Amino acid sequence: MSTLLTVKDLRVQFPTRTGVVDAVRGVSFTLGRERLGIVGESGSGKSQTGRAIMGLTPPHAKITAETLNFDGIDLLKVSAAERRSLRGNRIAMILQDPKYSLNPVMSIGRQIVETLRTHERVSRSEARKRALDMLAAVQIRDPERVYDLHPHEVSGGMGQRAMIAMMLITGPELLIADEPTSALDVTVQLDVLAILDNLVRDRGMGLIFISHDLRLVSSFCDRVIVMYAGHIVEEIAARDLHNAKHSYTQGLLNCMPKIGADTHPLPILDRKPEWAA
Amino acid sequence: MTISLSKALVIDKLEVVFDRFRALRGVSLDVMPGESFGLVGESGSGKSTLLRAVAGLAPTTGGSITVNGKLLGKSRTKAFYREVQMVFQDPYGSLHPRQTVDRLLLEPLAVHGFTDIEKRILRALDEVGLGASFRFRYSHQLSGGQRQRVAIARALILEPSILLLDEPTSALDASVQAEVLNLLEQIRRDRKLTFLMVSHDLAVVTHMCDRLMVMQNGAEVERLSAADLAARKVTQAYTRNLLVASDGFVRPDIPAV
């Protein structure tokens, strides 16, 4: 399997009034054309890892890495303009809540066309046609109607499909999905995941799926990275997750209530200081 | 009515209409004292509206609510709020950002004219596992789990008999969720409280509740016991779909092209 992304010793630091906060502390992994899950609690650095790859870290933060290589391009050395041409084109990102991540004053169709025309020279009518095709590809039943709707006029699930359509219209090779289904209902969640799954498989993309939901990630991804306090504590094949070795991963799995398992009280995660070491 | 006297909460054919939208379409349920009852459904199913209607936060247009044998009218009395308290979903939004924990806990006591304020605040903090050191902090100095503990302490400080819980753990990490769920269970045991709990998470509801109701489009789909749900003895397709969905993603077998 060819390697699409190589991350070695990635660190993200935020200077604050009370000292430097180490959000990501030496994360290393490689990604091919596969589905990689990154799981962790809030504050574990999983989102900051994704944002650093995408180039969305706030300017006052300090990013260092031994290697941050996307298909032969050193992401830390390239100019801002080159980075911009990658972002949304060859690397795309789906954010958590379509209510906040879509432009509220622009129709859905225009937003998708804007993304496409930023990266490719296509005529208006061609762009419109491709946007409509993409909306159909994310299983929106009536693309012509949804094209002219504004984000507040559609449901969460529909908004997230529009977001996926917008991100995939340029045919990216790497897709970073940061909690793409957390704001959605369980049943809608699975529909959106199925669409994502099909597109990733058909187009041979690499996918980084960032989530706090261990169960969801293990059922969706090939490989899972578990993060705690800014670094990786365990990397494991998704199907072996129930045999996780690290006590943090086990603790996370055990503390979730399960239908049919009658454990009262629920086991509590006993945080060990050496996990953060 | 002699039957409803023995019940903690009886809701009969409750209707809620917002403008012209019928959010609740004649929902009925009854909860025994000390019981924990769960409401499950997707967003827009009316589960939170039902809870808010009981608390007096949603406009009811029909049906009745009876709490501990007393029929509720249009407005809620002070005595009602000593009986029934609510814990909201988002602990980041439900605590006043410019009030200390002490001030937050003092307010309900002052409203209801309690005199042993000092003792009660310390006991409430102790009960939710926070301790006196948290008393003069602001909510931004607390983590999500700690905030939700403060919200629970605020609800408990008036010693209610019924607690309305609107997705009390959905904004929290799984590990913190376990701690808060354990705390709620322990409080219910110790104080013999009645819970009416809303959640979109079937696993959480079956863990916490004895009986539950599945809702969709403002109406009841199915009422069943947690044991039946665990044994997958469900009669409605909608409930079955929810059960399948809560198992996680299943990749359809597609032959390689």
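Chain B of this predicted model has a mean pLDDT of 89, with 96% of its residues at 70 or more. Among the elements of chain B, strand β7 (residues 162-166) has the highest mean pLDDT, 95, and helix α1 (residues 2-5) the lowest, 52. For the complex, the predictor gives a pTM of 0.86 and an ipTM of 0.80.

**Overall form of chain B**

Ten helices and ten strands make up the secondary structure of chain B. The C-alpha trace of chain B spans about 70 × 50 × 35 Å along its principal axes. The radius of gyration of chain B is 19 Å, which agrees with the value near 18 Å for a compact globule of 257 residues.

**Helix packing**

Two packed helices are described by the angle between their axes and the distance between the axes. Two helix pairs of chain B are set out below.

| Helix pair | Angle between axes | Distance between axes |
|---|---|---|
| α4(B) (residues 101-111) and α5(B) (residues 117-127) | about 125° | 10 Å |
| α6(B) (residues 144-156) and α7(B) | about 15° | 10 Å |

At about 125°, α4(B) and α5(B) are therefore oblique to each other. The crossing of α4(B) past α5(B) is right-handed. On the α4(B) side, the contact is made by B:Asp102, B:Leu105, B:Leu106 and B:Leu109, and on the α5(B) side by B:Ile117, B:Arg120, B:Ile121 and B:Ala124. This contact of α4(B) with α5(B) has six nonpolar and two charged residues, and no polar ones.

For α6(B) and α7(B), the angle of about 15° falls under the limit of 35 degrees, so the two helices are roughly parallel to each other. α6(B) and α7(B) also have a right-handed crossing. From α6(B), the residues B:Gly144, B:Gly145, B:Gln148, B:Arg149, B:Ile152 and B:Leu156 meet B:Val176, B:Glu179, B:Val180, B:Leu183 and B:Ile187 of α7(B). By class, the contact of α6(B) with α7(B) has six nonpolar, three polar and two charged residues.

**Contact with chain A**

Between the two chains, 26 residues of chain B are in contact with 26 residues of chain A. Four helices of chain B, namely α7 (174-191), α8 (202-208), α9 (226-230) and α10 (237-245), each supply at least two residues of the side that touches chain A. α7(B) gives the most to this side of chain B, with seven residues. The side of chain B that touches chain A has twelve nonpolar, nine polar and five charged residues. Helix α7(B) thus appears in two settings: packed with α6(B), and on the side of chain B that touches chain A.

Key:
Residues numbered from 1 in each chain as written. Chains lettered and ligands numbered in written order. Predicted model: local features only at pLDDT ≥ 70, side-chain atom pairs only at ≥ 80, totals over all residues. pLDDT = per-residue confidence, 0-100. Axes fitted to C-alpha atoms, helices over the stretch in contact; angles between N-to-C directions. Parallel < 35°, antiparallel > 145°, perpendicular 65-115°, else oblique. Left-handed = near helix turned anticlockwise from the far one by under 90°. Contact = placed C-beta atoms within 7 Å. Nonpolar A, V, L, I, M, F, W, Y, C, P; charged D, E, K, R; others polar. Rg over C-alpha atoms; globule rule 2.2 N^0.38 Å.
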